[in-house]
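User: Please take a close look at the nonpolar core of this model. Set it in the context of the whole chain, then follow it out to the salt bridges and the surface.

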Amino acid sequence: MANRLSQIATRTGDDGTTGLGDNTRVSKHSPRPHAMGDVDELNSHLGLLLCEPLPDDVRVLLGDIQHQLFNLGGELSMPGYELLKDDALLQLDNALAHYNGGLPRLAEFILPAGTRAASQAHVCRTVARRAERAVVALQAAETMRAAPRQYLNRLSDLLFVLARVLNRVDGGDDVYWKSERLARIQADDAGAD
C-alpha cells in the first residue's frame, strides 16, 4: 500500500478529466465520477457519524459499511470489475431486520432530528439516496450490475432505521412531523382517557 498513492497532486485533472481504475480518463461531469463522488461523500459522512458516542454493535456495523462503500467506490472506478460481494447485501438485510424489529411501528412521518448521532445518520441516509440516484443515472448510460444500486438503496433504509435506534439510546424518541392528522389522533386519544 505504501506505493499506491505516492503522488497526490498530479495535476492530470486540471483539464477537467479524472482517471478511472482501468487507466481511462473521463470528464469529471460524466455519470461515473458523480456516482464515485457521492459514494465517497457518503463514506465521509459515515466517518463523521462514527465520531459520535454509539452502541458498540452499531459502531462495528458502520465500520463494516465503510469498507463496503470503499469496495463499491472501487467497483465504480473500474468499469466491468466486481468488488462488492453478495454478502455485503446480506449484511444490510440482516441488520435491517435486526434493528427494525425492536422499533415501534411508525404512525406518522418523522423529522430528520433528535440526537446529534441520529441527525447525522439522517444526513448519511440522504447522501445515500443521492448516491443511489447517481448510480441509477450511470446505469442508464452504461451496462453494469445491479448490486451497487441495491446496496445503496438498502443502506439508506438501514440508516433511517439506525437514526430511530440512535434516538432511543438514552430513552429518547423520534421527532414527529406535526401534521393535522397526527394532531387529530392525539386529540382523539386524549378525549378517550
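Analyst: Contact here means heavy atoms within 4.5 Å. The model is predicted. Among contacts in the chain between residues at least 6 apart in sequence, 70% join residues at least 24 apart.

Start with the fold. The chain has six helices and two strands. Along the sequence they run β-β-α-α-α-α-α-α. Of the 193 residues, 38% are buried. The accessible surface is about 11200 Å², and carbon and sulfur atoms account for 53% of that area.

Now the core. The largest nonpolar core holds 44 residues. Leu42, Leu62, Ile65 and Tyr151 have the most contacts inside it. Five elements each give two or more residues to this core: helix H1 (31–49), helix H2 (56–77), H3, H4 and helix H5 (147–167). H5 gives the most, with 11 residues. In soluble globular proteins, nonpolar side chains tend to be buried together.

Tyr151 deserves its own entry. Residues up to four places away in sequence aside, Tyr151 touches Ile65, Gln68, Leu69, Leu72, Leu84, Ala88, Leu89 and Leu92.

Further along, Val165 also sits in helix H5. Val165 counts as buried because its relative accessible area is 17%, and the cut-off for buried is under 20%. Beyond its neighbours within four places in sequence, Val165 is in contact with Tyr99 and Leu103. Gly102 is 63 residues from Val165 in sequence, yet their C-alpha atoms are 8.5 Å apart.

Helix H2 includes Ser77. Ser77 is buried, at 14% relative accessible area. Outside the four-place window in sequence, Ser77 is in contact with Leu20, Gly21, Asp22 and Met36.

Next, the charged pairs. The structure holds 12 salt bridges. In one of them, the side chains of Arg145 and Glu75 meet at 2.7 Å, N to O. This pair links distant parts of the chain: Arg145 is in the loop between H4 and H5, Glu75 is in helix H2, and they are 70 residues apart. Glu75 is buried, at 5% relative accessibility. Arg145 is partly exposed, at 26%.

A second pair stays within one helix. Arg129 and Glu132 both lie in helix H4, three residues apart, about one turn of the helix. Their side chains form a salt bridge at 3.0 Å, N to O. Arg129 is partly exposed, with a relative accessible area of 27%, whereas Glu132 is buried at 14%.

A third pair is Arg168 and Asp174, with the closest N and O atoms 2.9 Å apart. Arg168 and Asp174 are both buried. Salt bridges with shared partners join Arg164, Arg168, Asp173 and Asp174 into one network.

The cysteines come next. The disulfide count is zero. Cys124 is buried, with 0% relative accessible area. Cys51 is exposed, at 61%.

Finally, the surface. Phe109, Leu111 and Trp177 form a nonpolar patch there, with about 340 Å² of accessible area together. Leu111 lies in the loop between helix H3 (86–101) and helix H4 (116–141). Its relative accessibility of 37% makes Leu111 partly exposed.

Definitions and conventions: Residues are numbered from 1 along each chain as its sequence is written. This is a predicted model: local features need pLDDT of at least 70, side-chain atom pairs count only at pLDDT 80 or more; totals for chains, interfaces and linings use all residues. Side-chain values use heavy atoms; hydrogens and water are left out. Patches are made of residues with over 30% relative accessible area and no salt bridge: like charges are joined within 9 Å, nonpolar side chains (Val, Leu, Ile, Met, Phe, Trp, Tyr) within 5 Å. Accessible areas come from the Shrake-Rupley method with a 1.4 Å probe; for residues, only the protein chains shown count as cover. A salt bridge is a side-chain nitrogen of Lys or Arg within 4 Å of a carboxyl oxygen of Asp or Glu. Helices (H or I, at least four residues) and strands (E, at least two) are DSSP runs, numbered from the N terminus. Buried means under 20% relative accessible area, exposed over 50%, partly exposed in between (1.4 Å probe, protein chains only). A disulfide is a pair of cysteine sulfur atoms within 2.5 Å. A nonpolar core is a set of buried Ala, Val, Leu, Ile, Met, Phe, Trp, Tyr and Cys residues joined through side-chain atoms within 4.5 Å.
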